[in-house]
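Opening the notebook on a new model today. I want to go through its charged pairs, then one helix, then a couple of single residues.

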Amino acid sequence: MNARDARANEKTRKVALVVGAQGVIGRNLIEYLSTLDDWDIIGLSRRHGEATERVRYVTVDLLNREDTHAKLGKLTQVTHIFFVAYQDRPSWAELVEPNLTMLVNVVEAMEPVAPNLQHISLMQGYKVYGAHLGPFKTPARESDAGHMPPEFMVDQQNFLEQRQKGKAWSWSAIRPSVVAGFALGNPLNLAMVIAIYASISKELGLPLRFPGKLGAYDKLLEMTDAGLLARAIVWAATNERSANQAFNINNGDLFRWSEMWPKIARYFDLEVAPPLQMSLNVVMADKEPLWNSMIEKYGLENIPYEDVSSWNFGDFVFSWDYDMFADGSKARRFGFHEYVDTEAMFKDIFDDFRRRKIIP
């Protein structure tokens with residue numbers, strides 16, 4: 001390649017800054033970007049990642065403004081920021097400050113030093129529609145009215161909308177349903193919750209009981225495959241029509257636990273017993289010694305019990321005794337037409353957990 005071609009390549013090459021690189025969404029986004037020839041990737045997280053030829057990692061405390069500016073100040077080639085970071089807190093109100101602060105710190109650090117910044121992608125969810133508060137209008141649409149705060153996702157979008165005025169870069173807000181994929185130490189991974197719960201049930205010789213509210217067993221809901229979500233995120237960030245828009249992203253099918261639960265049980269060679277409401281956070285609290293014995297018995301990866309599952313999140317999702325789905329047609333109207341069969345998604349993810357020796 002001559003100098004002229006090198007300069008042309010430099011101009012067309014895109015550089016992704018993935019903020020929250022070690023979570024379910026961040027991991028899958030980096031994996032997908034790594035398959036695209038015209039992207040270089042920088043991952044940000046509190047935990048250090050394993051670098052490759054195309055991906056490098058920066059360890060940073062995004063809640064610390066000085067650390068964020070110091071670590072990001074030299075990332076001048078970044079063209080796209082993918083903000084998928086999340087800090088968990090005990091209450092909805094407490095979520096606002098850390099999650100808004102992380103976004104503000106990243107944007108304020110990057111905007112002055114990245115002259116070719118083109119797009120900032122924001123990860124949201126159905127909490128924008130009040131889905132976490134109780135029964136809400138379904139199917140939820142991007143144009144639906146807002147709800148009483150606090151809600152950090154709304155504050156984050158408001159910040160980007162105000163910051164973007166008069167700027168060359170654009171933003172997009174991506175709203176998945178419950179995201180399923182592989183990540184460890186992640187507080188929002190339902191597939192891992194189910195896999196560990198089923199594996200322990202089998203080890204104890206128990207059938208697989210649905211542990212949530214009885215009314216949740218037959219309600220309609222949907223999920224979002226992490227790989228599908230990654231492709232949608234990149235599509236929205238690089239499609240001119242998608243600039244400054246919000247999109248619901250889901251697999252494209254609906255299901256009820258009453259139909260899906262027996263299929264999951266069959267995957268694990270388990271019988272199904274009638275649902276029995278119980279807090280996973282309570283009944284699984286004493287299972288660490290059992291899990292450690294399973295690691296040794298089956299030759300599993302030696303991963304701490306606290307990192308393989310989030311029982312609080314399982315309790316949260318299984319408590320939805322109301323329909324939980326959104327209209328994904330806006331993304332299709334704008335040009336994103338991919339979909340995933342949810343039953344097949346669960347099977348593929350569980351297969352992946354087994355290949356990785358996370359479950360027996």
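My entries follow in the order I looked things up.

**Entry 1: salt bridges**

I kept in mind that this is a predicted model. I ran the search over the whole structure, and it came back with 19 salt bridges. The background idea is simple: side chains of opposite charge can pair when their charged atoms come close.

I started with R163 and E111, whose side chains form a salt bridge at 2.7 Å, N to O. Where do the two partners sit in the chain? R163 is in helix α5 (residues 152-164), while E111 is in the loop between α4 (92-110) and β5 (119-123). They are 52 residues apart, so I noted the pair as a link between distant parts of the chain.

Is E111 buried or exposed? I got 18% relative accessibility for E111, and since buried means under 20%, E111 counts as buried. R163 comes out at 24%, which makes R163 partly exposed.

I then checked what else joins in. R163 and E111 belong to a network of salt bridges that also links R65, E108 and K167.

**Entry 2: two more pairs**

K263 and E343 were next, with 3.3 Å between the closest N and O atoms of their salt bridge. This pair also links distant parts of the chain: K263 is in helix α8 (residues 257-267), E343 is in helix α14 (residues 342-355), and 80 residues separate them. Both ends are partly exposed, K263 at 33% relative accessible area and E343 at 37%.

Helix α14 turned up again with D352 and R355, which meet in a salt bridge at 3.7 Å, N to O. Both residues lie in α14, three residues apart, or about one turn of the helix. An α-helix has 3.6 residues a turn, so residues three or four places apart point the same way. I found the two ends unlike in accessibility: D352 is buried at 18% relative accessible area, whereas R355 is exposed at 60%.

**Entry 3: helix α5**

I went back to α5, the helix that carries R163. The helix has 13 residues and spans 18 Å from first C-alpha to last, close to the 18 Å expected at 1.5 Å a residue.

Which residues of α5 are buried? My list reads F152, M153, Q156, Q157, F159, L160 and Q164. They cover an arc of only 155° around the axis, so they lie on the same side of α5. I looked up what that side packs against and found β4 (80-83), α4, β5 and β6 (170-176).

I checked both ends too. At the start, a side-chain oxygen of E151 comes to within 3.0 Å of the backbone nitrogen of M153. Just after the helix, G166 has a positive phi of about 80°.

**Entry 4: two single residues**

S121 sits in strand β5, one of the elements that the buried residues of α5 pack against. At 2% relative accessibility, S121 counts as buried. Leaving aside neighbours within four places in sequence, I found S121 in contact with I81, F82, F83, S172, I174 and I233.

Last lookup: N28, in helix α2 (residues 24-33). N28 is buried at 16% relative accessible area. With the same neighbours within four places set aside, the contacts of N28 are F182, A226, G227 and A230.

How values were computed:
Residues are numbered from 1 along each chain as its sequence is written. This is a predicted model: local features need pLDDT of at least 70, side-chain atom pairs count only at pLDDT 80 or more; totals for chains, interfaces and linings use all residues. Side-chain values use heavy atoms; hydrogens and water are left out. A salt bridge is a side-chain nitrogen of Lys or Arg within 4 Å of a carboxyl oxygen of Asp or Glu. Helices (H or I, at least four residues) and strands (E, at least two) are DSSP runs, numbered from the N terminus. Buried means under 20% relative accessible area, exposed over 50%, partly exposed in between (1.4 Å probe, protein chains only). The expected span of a helix is 1.5 Å times one less than its number of residues. The arc is that of the directions from the helix axis to the C-beta atoms. Contact means heavy atoms within 4.5 Å. A polar contact is a pair of N or O atoms within 3.5 Å; within protein, one must be able to donate a hydrogen and the other to accept it, and residues adjacent in sequence count only if both atoms are side-chain atoms.
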